[in-house]
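Work through the exercises below with the structure open beside you. Each task is followed by a stepwise solution.

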Amino acid sequence: MKIVICDDYMEDLIKVERLLEKYGKTAGSEFTVEKYTDASQVYHKILRKELADIYILDMIMPKITGIDIGSLLEESGKCVVIYITSSDEFALEAYGVHAVRYLLKPVSEAVFCEAMDYAVSYVRMNRNMSSPDIRYPVKTREGLVSVSYSDIVYIENSARALEVHLTDGRSVRSIFIRKSFDEEIKEIAEDDSFVRVHKSFLVNMNYIKSLIQGLCCMEDGRSIPVSKTRAADVKREYLNFVTEQYR
């Protein structure tokens with residue numbers, strides 16, 4: 001999940017960054033964070049459709065304000081805004097651009113964490129609502145388990161069994177598979193959210209944090225190998241996926 005922090009006052013920006021680090025550790029989540037003291041940089045990135053999931057914005061900034069950025073983000077319909085400011089003068093305007101929270105400085109850790117809980121849940125809910133609840137059947141020793149596509153982080157071919165890793169940290173293990181891994185995942189692999197990164201791994205691109213050489217880094221901290229033969233295709237498919245998400 002990508003988060004942008006923008007505050008023209010460096011000391012306040014650092015405070016928010018520290019609160020976000022504490023929240024990530026407590027929640028067991030990892031975020032890609034971009035920090036800006038110049039609101040115009042954020043504004044122009046949004047114009048170029050280079051969007052984040054959550055924006056934590058100071059409201060009162062020179063030239064381009066937090067409200068200006070929030071108004072621009074409304075057009076995307078997918079981004080979440082949290083305003084942090086030293087004045088409650090613009091509270092009504094903040095909710096006019098559908099900010100999920102309006103926090104007054106100095107912000108306590110408890111208040112910030114509550115705002116982040118809401119923002120993260122909102123982002124995940126929008127992800128899940130963007131596609132129908134298609135389910136993947138897994139034959140286990142206990143019987144047939146039906147798993148929602150949106151709950152799958154990745155599927156692994158592990159010792160001739162399917163290991164289906166879920167967003168809540170659990171995994172569902174199948175019985176011994178008699179078909180090839182290709183055949184077992186054929187239907188789900190056709191879904192636009194999934195990409196085959198390795199002969200033994202199918203990944204849900206909704207939960208990719210970043211791609212680095214030879215690895216697919218997931219939001220929950222797990223790293224999945226990307227084979228050399230698939231690297232170029234994986235990069236292309238992921239870039240296309242991200243582009244489509246923010247159109």
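Ala, Val, Leu, Ile, Met, Phe, Trp, Tyr, Cys and Pro count as nonpolar; Asp, Glu, Lys and Arg count as charged; the others, Gly among them, count as polar. The model used throughout is predicted.

**Exercise 1. The second largest cavity**

Task: State which residues line the second largest cavity, and how they divide by class.

Solution.
- Step 1. Take the volume: the second largest cavity has about 40 Å³.
- Step 2. List the lining: Ile5, Cys6, Asp7, Val16, Ile56, Leu57, Asp58 and Ile84.
- Step 3. Assign elements. β1 and β3 each give two or more residues to this lining. The most come from β3, with three.
- Step 4. Sort by class. Six lining residues are nonpolar, none is polar and two are charged.

**Exercise 2. The largest cavity**

Task: Find how many cavities of 30 Å³ or more the whole structure holds, then describe the lining of the largest cavity.

Solution.
- Step 1. Count: the search of the whole structure returns two cavities of 30 Å³ or more.
- Step 2. Take the volume: the largest cavity encloses about 40 Å³.
- Step 3. List the lining: Lys2, Val4, Glu34, Tyr36, Val42, Lys45, Ile46, Glu50, Leu51, Ala52 and Tyr55.
- Step 4. Assign elements. β1, β2 and α2 each supply two or more residues to the lining of the largest cavity. α2 gives the most, with three residues.
- Step 5. Sort by class: seven nonpolar, no polar and four charged residues.

**Exercise 3. The five-stranded sheet**

Task: Give the strand order of the open sheet of five strands, and place helices α2 and α3 against strands.

Solution.
- Step 1. Write the order: β2-β1-β3-β4-β5, with parallel pairing.
- Step 2. Find the edges. They are β2 (32-36) and β5 (101-104), and each pairs on one side only.
- Step 3. Take the turn between neighbouring strands: 15° on average, direction ignored.
- Step 4. Check one pair. Strands β3 (residues 54-58) and β4 (residues 80-85) run parallel and share five bridges. Within this pair, Tyr55 has Val81 of β4 as its bridge partner.
- Step 5. Place α3. Helix α3 (residues 66-73) packs on the sheet and touches β3 and β4. Its direction makes about 155° with that of β3.
- Step 6. Place α2. Helix α2 (residues 39-47) lies across β1 (2-6), β2 and β3, at about 130° to β2.
- Step 7. Link back to the cavities. Tyr55, bridged to Val81, also lines the largest cavity.

**Exercise 4. A hairpin and a pocket**

Task: Which element gives the largest share of the lining of the second largest pocket, and how does β6 pair with β7?

Solution.
- Step 1. Take the volume: about 410 Å³ lies in the second largest pocket.
- Step 2. Look at the lining. It has 20 residues, and Tyr136, Pro137, Lys139, Lys179 and Glu184 lie nearest the centre.
- Step 3. Assign elements. Two or more lining residues come from each of β6 (135-140), α6 (181-184) and α7 (186-189). The largest share is that of β6, with five residues.
- Step 4. Sort by class: 11 nonpolar, one polar and eight charged.
- Step 5. Turn to the pairing. β6 and strand β7 (residues 143-148) are antiparallel, with six bridges. They form a hairpin with two residues between them.
- Step 6. Pick a partner pair. Pro137 is bridged to Ser146 in β7.

**Exercise 5. Met218 and its sheet**

Task: Is Met218 buried or exposed, and in which strand is its place?

Solution.
- Step 1. Locate the residue: Met218 is in strand β14 (residues 215-218).
- Step 2. Apply the cut-off. Buried means under 20% relative accessible area. Met218 has 1% relative accessibility, so Met218 counts as buried.
- Step 3. List contacts more than four places away in sequence: Val153, Val203, Asn204, Tyr207, Ile208, Lys209 and Ile224.
- Step 4. Compare sequence with space. Met218 and Phe31 are 187 residues apart in sequence, and their C-alpha atoms are 9.9 Å apart.
- Step 5. Describe the sheet. It is open, has three strands in the order β13-β14-β15, and pairs antiparallel. β13 (208-212) and β15 (223-225) each have a single partner strand, so one side of each lacks a neighbour in the sheet. The twist averages 25° from one strand to the next.
- Step 6. Check the bridges. Three join β14 to β15. Cys216 has Ile224 of β15 as its bridge partner, and Ile224 is also among the contacts of Met218.

How values were computed
Residues are numbered from 1 along each chain as its sequence is written. This is a predicted model: local features need pLDDT of at least 70, side-chain atom pairs count only at pLDDT 80 or more; totals for chains, interfaces and linings use all residues. Side-chain values use heavy atoms; hydrogens and water are left out. On a 1 Å grid over the protein atoms alone, a cavity is a set of points where a 1.4 Å probe fits but cannot get out, and a pocket is an open set with protein on both sides within 12 Å along at least five of seven lines; lining residues have an atom within 4 Å of a point. Grid points are joined across faces, edges and corners, and a volume is the space filled by probe spheres set on the points. Helices (H or I, at least four residues) and strands (E, at least two) are DSSP runs, numbered from the N terminus. Two strands pair if DSSP finds at least two bridges between them. Axes are lines fitted to C-alpha atoms, for helices over the stretch in contact, and angles run from 0 to 180 degrees between N-to-C directions. Contact means heavy atoms within 4.5 Å. Buried means under 20% relative accessible area, exposed over 50%, partly exposed in between (1.4 Å probe, protein chains only).
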